[in-house]
Amino acid sequence: EKFTIHPAASRNLHVRMALYESAKANLFVSNGPAALVLFSAQPWLQFVPVEDEGSAYLQNTPKFWREVMGLPVGEQYPWSTARQRMVWATDTYETIMAAWRQYIG
């Protein structure tokens, strides 16, 4: 009851994108919904904890990012703006706050 939610955004792609477009900024971890904002004009931060090759979660390995996403760990998508950043670290409170101050704040 303390949070405002928008159930339609979980079922309708257009509604979800409209929600992302109306946000001050969007924060993601390494998952599918982040793909919706990659080519938008909205500010976003995506937190990716880089794990060793052979990790159980392939999507956090350098090989996955290099070979599947075409983005070497530590780099940014070439079309990203200064307020659209990959943050190559775990989404801890400290990391989120530091990234917010640096890129969005």
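Modeller: A residue counts as buried when its relative accessible area is under 20%. Please keep this cut-off in mind while we read this predicted model.

Colleague: Is Trp88 buried or exposed?

Modeller: Trp88 has a relative accessible area of 19%, so it counts as buried. Trp65 is buried as well, because its relative accessibility is 2%. For the protein as a whole, 31% of the 105 residues count as buried.

Colleague: What describes a pair of aromatic rings?

Modeller: Such a pair is described by the distance between the ring centres and the angle between the ring planes. In this structure, a search of the whole model finds 5 aromatic pairs. In one of them, the ring centres of Trp65 and Trp88 lie 5.2 Å apart and the planes stand at 90 degrees; the pair is therefore edge-to-face.

Colleague: Where in the chain do Trp65 and Trp88 lie?

Modeller: Trp65 belongs to helix 2 (residues 62–67), whereas Trp88 sits in the loop between strand 3 and helix 3. The two are 23 residues apart, and their pair links distant parts of the chain. Elsewhere, ring pairs join Phe39, Tyr77 and Trp79 into a cluster.

Colleague: I should now like to turn to the secondary structure. How many helices and strands does the protein have?

Modeller: There are 3 helices and 3 strands. Read from the N terminus, their order is α-β-β-α-β-α.

Colleague: In which order do the strands stand in the sheet?

Modeller: Strands pair through bridges, and at least two bridges are needed between them. Here the 3 strands make an open sheet with the order 1-2-3 and parallel pairing. Strand 1 (26–29) and strand 3 (84–87) are the edges: each has a single partner strand, so one side of each lacks a neighbour in the sheet. On average, neighbouring strands are turned by 15 degrees against each other, direction ignored.

Colleague: Over how many bridges do strand 1 and strand 2 pair?

Modeller: Strand 1 pairs with strand 2 (residues 44–47) over 4 bridges, in the parallel sense. As one example, Asn26 has Trp44 in strand 2 as its bridge partner.

Colleague: Which strands does helix 3 lie across?

Modeller: Helix 3 (residues 93–104) lies across strand 1, strand 2 and strand 3, and runs at about 150 degrees to strand 2.

Colleague: What radius of gyration does the protein have?

Modeller: The value is 14 Å, which agrees with the radius near 13 Å that a compact globule of 105 residues would have. The C-alpha trace spans about 40 × 30 × 30 Å along its principal axes.

Technical notes:
Residues are numbered from 1 along each chain as its sequence is written. This is a predicted model: local features need pLDDT of at least 70, side-chain atom pairs count only at pLDDT 80 or more; totals for chains, interfaces and linings use all residues. Side-chain values use heavy atoms; hydrogens and water are left out. Axes are lines fitted to C-alpha atoms, for helices over the stretch in contact, and angles run from 0 to 180 degrees between N-to-C directions. Contact means heavy atoms within 4.5 Å. The radius of gyration is taken over C-alpha atoms; the globule rule is 2.2 Å times the number of residues to the power 0.38. Buried means under 20% relative accessible area, exposed over 50%, partly exposed in between (1.4 Å probe, protein chains only). Rings of Phe, Tyr and Trp (its six-membered ring) pair if their centres lie within 6.5 Å; planes under 30 degrees apart count as stacked, over 60 as edge-to-face and the rest as tilted.
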